[in-house]
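Colleague: I should like to learn how the helices of a model are read. Please take me through the features one by one.

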Amino acid sequence: MNNPVSNANRVLSIDVFRGIIIFTMVFVNELAGVADIPQWMKHLPADVDGMTFVDLVFPAFLFIVGMSIPFAIQARANKGDSALEIFKHIALRSLGLMVIGVFMVNAESGYDAAAMSISMPLWTLLMFICVLLIWSNYPKTLSPTISLGAKLIGVAGLIMLWWLYQGPDNTGMTTQWWGILGLIGWAYLLAGSLFLITRQFASPATQFFTLAVAALGLIVLFFILDKNKADLAGVPVLETLAGFNGNHTHAAIVLAGVILSQLFYLPNFAASKFKNYLIFTGVVCALAFASWQVSPISKIWATPSWALFSVFFCCVIFGAVYWLVDVKQQRRWTVFFEPSATNPLLVYILPYIVLSLCGIFGFYLRPEYFNAGVPGIIWSLLFACVIMGIGALLTRTGLRVKL
């Protein structure tokens, strides 16, 4: 068994990159409700061949998940976990992301407010309280019985909220789609499992190229299935694969993050990390432009060209972060991103908690003046900064959410 990372401690460059992504995600989510803003500050429609920086936020989150995988798995291996125990951890984390994702999707749409026994804002707030109860990182000084009891209360609460949920025509909760967190969960499950398997049986160099081939294979699989959807009828296995096309592409982006993480931090590549980084980034760029000739860029459709361009831009951005933080030692500015870097899930769900509280008390958070144009952009930036501040305060009190 080889060690993909010699030091399982936190890496500041990766933390800063994660913090920037979460901050941007909070910003663009708030910006989505603002009118009269430039098209480059919005998601492009599915049938438009192109992408904006907003369309890069989700794949960047997938990418940073991949960059963290070698460190997370090595940390568990250092504790003595077997491969089976590590896989169970990957599976449980993935399941947690899927569960939260589905609950969040149903909180946003698909419900019949008139048929609900409690208001939707209250239902949403209770849902997030249950999430915090289940997945908060309780201090070691707390009695295990209390920690387990809190988690069981959270589980019982989610079951009760599932039972209370009412959709049109007496339907309950549905997987309308998996939500952002759910999609990340599926991608993490596939990519993490592939990494774990190759870690057991391959040398570092062989593992690197195996993961690269796997990532490209997933993208090619998407392309083939997408182009032949009409011919898949009656073939259950292929129909199922086609139905999860986006997950293949998302997992490929996660694997690309794994590969870049290894290029920078695997001892075997340390001597020529910059050369390898430039080669990898250049190859991805060439593949992105090549795939663009046969596949339009579309985040909604999770096309190969969108995935490859996303990986390219993530490589460029991380390279800049690494140069500033590790090479030039410019680190004072990174403090701003600390809460979203070390407690990302909490910072991600905080805006939804704030909005559900506003809904309960009948308070519209954003003043009308900030609903459009430049004022709306400024509001969204300030909102993201405030959320970061709240996240920092809660983190200092010991509240951490960790799957």
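Modeller: In helix H10 (residues 273-292), helices being DSSP runs of H or I with at least four residues, numbered from the N terminus, the buried residues are Lys 273, Asn 276, Tyr 277, Phe 280, Thr 281, Val 284, Cys 285, Ala 288 and Ser 291. Buried means under 20% relative accessible area, exposed over 50% and partly exposed in between, with a 1.4 Å probe and protein chains only. This is a predicted model, in which local features need pLDDT of at least 70, side-chain atom pairs count only at pLDDT 80 or more, and totals for chains, interfaces and linings use all residues. Residues are numbered from 1 along each chain as its sequence is written, and side-chain values use heavy atoms, without hydrogens and water.

Colleague: Where around the axis of H10 do these residues lie?

Modeller: The arc is taken from the directions from the helix axis to the C-beta atoms. Here the buried residues cover only 165 degrees, which puts them on the same side of H10. The face turned away from that side carries the exposed Lys 275 and Leu 278.

Colleague: How many residues of H2 are buried?

Modeller: In H2, 20 of the 25 residues are buried, so this helix is largely enclosed by the rest of the structure.

Colleague: Where does H2 bend?

Modeller: A bend is the angle between axes fitted to the seven residues ending at a residue and the seven starting there. H2 bends by about 35 degrees at Ser 68, and Pro 70 follows within four residues. Just after H2, Gly 80 takes a positive phi of about 100 degrees.

Key: Helix = DSSP H or I, 4+ residues; strand = E, 2+ residues; numbered from the N terminus. Expected span 1.5 Å × (residues − 1).
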